[in-house]
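User: Hi! Could you walk me through reading a few features of a model?
Analyst: Happy to; here it is.
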Amino acid sequence: MNGNEITVQRRSEAWELFRAGLGEHHPIFVSVLGICSTLAVTTAVRYAAVMAGIVTVTLLLSALIVSLLRRRIPPTYRIITSLLLISTPVILLEKLLRLHAPAIAGELGPYVGLVITNCIILGRIEACASLRSPKMALADALGAALGYGTVLVAIAASRELLGTGRVMGYDIAPAWYPSCAFFQRPAGAFLALALMLALFRHLRGTGTKQGSGGTCGCSRADTPASGNGGGV
Amino acid sequence: MSGSLTGLFLSSVFTGNIALTGFLGLCPFLSLSRKPALAAAMGVSVTFVMTVTAMLNWLLMRYVLVPYRIEYMQILAFMLVIAALTQVLELFLDRFAPRIFAAFGVFLPLVAVNCAILGVSLFASFREYGFAETLLYSLGSGIGWTLAILLMGGLRRHLIFCRPPAALGPVGIVMTLASLMALAFGCLAGVGG
């Protein structure tokens, strides 16, 4: 959300909100949100793609509903209402996944349910959807979801390639490649994210402001809860 | 799961560390590891709430959700238990143990939205642990999380002597350290049996 959003045209404002999710307010690299799932489900591209899809659908639906109801939700019960609204699509999507792709559902396990506590969703709802019109909320949510999804798939592709020599079942690496299993393991996940983060910051210039250790974006999502005396 | 309860406990502290291999509770892990005193207090709160909610959720799952065939309400029910417990604990401590409340009260609302708490309850149910297994798994996970955040705090204090690549930034370097710590914790495989 820019400071000059009042002066710019409505249409470009939605565009700006959308673009912020891919650049200056990138949910993973700048706000440092949703790290848990970013690391946990990126051992293979298909898991990452499923996860990105679930988060995108959940984020869009909950942002739309919160935005439509924003004048009716009392501020005191804001967080618990948002959590209930978020959990509805998550539970439905988990059921659908179990039904149609039981192998992937088994592999993702509890991480599907943990989408509810993915702070990107609560963060976007708190920062935008609970204040703005449905159109703006959707633009903002789409940007954040796209920023999250692309990074998730990119990390998964690099981890799958380096760790197994294959991507999506295709042999990419030459036969002499030793398949460095390190990248399939948790330690490799942390390193892959750190390197991806360094690349992002290098491309945007290292001056990019970042939710540094002290101001981790999640504490922003936490603050309203503590303000309500733990209203979650 | 391996039959040995000791093994389960040890593996949940080390090789299956909830922060370093389960990637849960990473937000406070990143933000609080700079301040060891806060990290220790947060660790105690997380361990306590994690163990108690995992037990309550196990009972809830066993005696309410499964008999009435409403397992799909699991996530919602677990979250309500966690939120209610932290709220009740906050009131209770404020009333009866003001000194403990002064030390840990601020962390309770933060604990309520910590994904590690919900994650441990979900993992215990997903792996179909029994009561004793759930107890040891949740206790071990809490201790492991506290250990990881304290160790990270120690490592970060040494960063003032180093000049990490500027592109990594404050978060990137912690991620890199976490990668090395995960590697070290992973090498303890076999301790858990």
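Analyst: Let's begin with exposure: a residue counts as exposed if 12 or fewer other C-beta atoms lie within 10 Å of its own. Keep in mind that this is a predicted model.

User: Is E128(B) buried or exposed?
Analyst: E128(B) has 9 other C-beta atoms within 10 Å, so it is exposed. This residue sits in the loop between helix 7 (115–126) and helix 8 (131–157) of chain B. Its phi is positive, near 55 degrees, and it is not a glycine.

User: And what is the phi of R69(B)?
Analyst: About 55 degrees, a positive value although R69(B) is not a glycine. You will find R69(B) in the loop between helix 3 (36–65) and helix 4 (74–96) of chain B. With 7 other C-beta atoms within 10 Å, R69(B) is exposed.

User: Now the helices. At what angle do the axes of helix 6 and helix 7 of chain A cross?
Analyst: Angles over 145 degrees count as roughly antiparallel. The axes of helix 6 (residues 119–129) and helix 7 (residues 134–164) of chain A come within 10 Å and cross at roughly 150 degrees. Therefore helix 6 of chain A is roughly antiparallel to helix 7 of chain A. The crossing is right-handed.

User: Which residues meet there?
Analyst: From helix 6 of chain A, I120(A), R124(A), C128(A) and A129(A) take part, and their partners in helix 7 of chain A include M136(A), D140(A) and Y148(A). The contact has eight nonpolar, no polar and two charged residues.

User: How many residues of chain A are in contact with chain B?
Analyst: 42 residues of chain A, against 44 residues of chain B. Helix 8 of chain A gives the largest share of chain A's side, ten residues.

Technical notes. Residues numbered from 1 in each chain as written. Chains lettered and ligands numbered in written order. Predicted model: local features only at pLDDT ≥ 70, side-chain atom pairs only at ≥ 80, totals over all residues. Axes fitted to C-alpha atoms, helices over the stretch in contact; angles between N-to-C directions. Helix = DSSP H or I, 4+ residues; strand = E, 2+ residues; numbered from the N terminus. Parallel < 35°, antiparallel > 145°, perpendicular 65-115°, else oblique. Left-handed = near helix turned anticlockwise from the far one by under 90°. Contact = placed C-beta atoms within 7 Å. Nonpolar A, V, L, I, M, F, W, Y, C, P; charged D, E, K, R; others polar. Buried ≥ 20, exposed ≤ 12 C-beta atoms within 10 Å, placed from the backbone.
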